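Colleague: Could you walk me through this one? I'd like to go element by element and ask as we go.

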Amino acid sequence: MALSKLPYRGTRDFFPEQMRLRNFIFSKMAEVSEIFSYEPYDGPLLEELDLYRAKSGEELINDQVYNFIDRGEREVAIRPEMTPTVARMVAQIHREVSKPLRWYAIPNLMRYEKPQKGRLREFWQYNADIFGAPEILGDIEIIQLAIAIMKSFGANNHHFEVLINSRHFVNYIFENILKIDAERTKKLYKLVDKRAKMPSDKFSTQAQAIILDSEKSRQFEEYAALNSIEDVIKFIRNTDNEIPKQIQPLINLFNGLEDLGLKQYIKFDPSIVRGLDYYTDVVFEIFDKHPDNLRAIAGGGAYANLLSIFGETPLPGIGFGLGEVPLTEFLKSHNLLPDFSKQKIDIVVAYLDTSAEKIVLEISQELRNQKIKVEVFLGEAKQKKIFSHTDKKQPHFVLMLGSDDITNGTGQLRNLKNKEIHNVSLNNVDNISKIILNSKT
Ligand code: HAM
């Protein structure tokens, strides 16, 4: 039986058109990261499974990780996320380097998930993390960077929002106010997550069934309905008067982002708790506002103790992961993507007669030296065939040379966009390159 031509379920082949899109997305990510002075890094595709067992959480380990025993009997995993790798790398060098450390990467990751819109099994995920920043300044910068990346694609606050919560605030609600155990806390996490999709009476009944105390249930419902940082402050003042010390960073984060003119992008959201175990304080997700894909495009948060799994002293970090799969859906839905269907070629150079072959190759070489993108139409061809080729490829210019042109030392450079024809000298390639380069500016 013949083998399937299709890639493994949930993975993709990247043909040139898809590659152009991917390169476009990655180059924007890299460009903005560099502007924020983040440095690129990378790590291995395989890690020991224990690295994820330590802090990544049950869902990732039980349901999603691709793991196997290698030939040396070691339990290894294909990286399902980058944070444990970056923490491991930072643990090696953090004592010797000045802080904060600002790093970014765009690794491919694998998770055994049900492939669906916005979620695949192999995907690339932009990661940016800052380690060792003082207080809330790293949090502000990371969210500022996340917004800047989204804006670099032309997106604005009508297209996306950054939903923010804090694990400290969630713990304060569950431990200090509701005073419930870990098992029930988990169930309530899940319930808050579903709140937007269920009728409020059903939500109340389910909350009551878990909490088993009507006053506490009421408080929980009040928490789940908080809609802004002002609401959060009011809620705490009504319950406790004093803002607890561990919640102040959340408030400072909102103030800091507001001072940077980013208020319209950020919103407090009680349902953001995040599935990964290592987050300790601020957690956030970038959400698509398009009605067809109301889902997270990115997720991140602050982790104070991740280096401790390597026996290192704590070094607080904060970062986020932004997947190119949901980002592409987002950009498509909001019409923010350029057209990648055509390769960008400046000029096709062709010959109607083999006597012109040598000069065509020489001219092409000189044009390429000037960073002009040249496609040589290889082999002698009739005009009709060359035009049918340029109709498909749509280069900006075409230069077709025949034996007469070689005798006269001139040729016709055609601008296929505005239909202009330039008579050019073949002895002076500069006059050809100038026309092409001027047309780009
Ligand atoms: P995460 O929430 O698991 O966080 O993933 C972050 C983003 O990766 C998601 O919002 C989505 O864009 C993308 N993503 C996740 N799973 C898939 C999938 N199956 N297919 C396509 N895209 C996907 C983390 O991974 C954290 N390690 C992020 C982080 C970095 N936290 C701190 N630093």
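Colleague: Let's start with β13: which of its residues sit on one side, which on the other, and are they buried or exposed?

Modeller: This is a predicted model, and in it Ile347, Val349 and Tyr351 lie on one side of β13 while Val348 and Ala350 lie on the other, all of them buried, so that both faces are covered. Put as a count, 5 of the 5 residues of β13 are buried.

Colleague: Why do the residues split between sides like that?

Modeller: In a regular strand the side chains alternate between the two faces of the sheet.

Colleague: And which sheet does β13 belong to, in what strand order?

Modeller: β13 is part of an open sheet of 5 strands with mixed pairing, and the order is β14-β13-β15-β16-β17. The edge strands, each of which pairs on one side only, are β14 (374–376) and β17 (421–425). From one strand to the next the twist averages 25°.

Colleague: How do the individual pairs run, say β13 with β14, and β15 with β16?

Modeller: β13 and β14 run parallel and are joined by 3 bridges, with valine 374 in β14 as the bridge partner of isoleucine 347. Strand β15 (residues 397–401) and strand β16 (residues 410–415), on the other hand, pair in the antiparallel sense over 3 bridges, and there the bridge partner of phenylalanine 397 is asparagine 415 in β16.

Colleague: What packs on that sheet?

Modeller: Helix α14 (residues 383–393) packs on the sheet and touches β13 (347–351), β14, β15 and β16, its direction making about 165° with that of β15. Helix α16 (residues 429–440) also packs on the sheet, touching β13, β15, β16 and β17, and its direction makes about 145° with that of β17.

Colleague: Going back to α14, what comes between it and β15?

Modeller: A loop that contains glutamine 394, a residue other than glycine whose phi is nevertheless positive, near 50°. Glutamine 394 has a relative accessible area of 47%, so this residue counts as partly exposed.

Colleague: Where else should I look for odd backbone angles?

Modeller: Lysine 179, in the loop between α6 (167–177) and α7, has a positive phi of about 50° although it is not a glycine. With a relative accessibility of 57%, lysine 179 counts as exposed. There is also a cis peptide bond between lysine 99 and proline 100, with omega about 5°, and proline 100 is found in the loop between α4 (83–93) and β5 (101–105).

Colleague: Why would you flag those at all?

Modeller: Most residues other than glycine have a negative phi, and most peptide bonds are trans.

Colleague: Fair enough. Switching to helices, how does the span of α8 compare with what it should be?

Modeller: Helix α8 (residues 200–211) has 12 residues, which should span 16 Å at 1.5 Å a residue, and its end C-alpha atoms are 16 Å apart, so the two agree.

Colleague: Which of its residues are buried, and where do they fall around the axis?

Modeller: The buried residues of α8 are Phe203, Ala207, Ile210 and Ile211. Seen down the axis of α8, they fall within an arc of 85°, so they line one face of the helix. The face turned away from that buried side carries the exposed residues Asp201, Thr205 and Ala209, whereas the elements covering the buried residues include α7 (182–194) and α9 (214–224). Just after α8 comes leucine 212, whose phi is positive, near 60°.

Colleague: What about α5, is it enclosed or open?

Modeller: Of the 16 residues of α5, 12 are buried, so this helix is largely enclosed by the rest of the structure. The buried ones include Ile140, Ile143, Leu145 and Met150, and also Asp139 and Glu141. Helix α5 (residues 137–152) reaches 22 Å from its first C-alpha to its last, close to the 22 Å expected at 1.5 Å a residue. Glycine 154, which follows α5, has a positive phi near 90°.

Colleague: Last one: how is the protein divided into domains, and what separates their centres?

Modeller: The domain assignment gives domain 1 (16–333) and domain 2 (347–438), and their centres, taken over C-alpha atoms, are separated by 53 Å.

Key: Residues are numbered from 1 along each chain as its sequence is written. This is a predicted model: local features need pLDDT of at least 70, side-chain atom pairs count only at pLDDT 80 or more; totals for chains, interfaces and linings use all residues. Side-chain values use heavy atoms; hydrogens and water are left out. Helices (H or I, at least four residues) and strands (E, at least two) are DSSP runs, numbered from the N terminus. The expected span of a helix is 1.5 Å times one less than its number of residues. Buried means under 20% relative accessible area, exposed over 50%, partly exposed in between (1.4 Å probe, protein chains only). Two strands pair if DSSP finds at least two bridges between them. Axes are lines fitted to C-alpha atoms, for helices over the stretch in contact, and angles run from 0 to 180 degrees between N-to-C directions. Contact means heavy atoms within 4.5 Å. Domain bounds come from an automatic or database domain assignment. The arc is that of the directions from the helix axis to the C-beta atoms.
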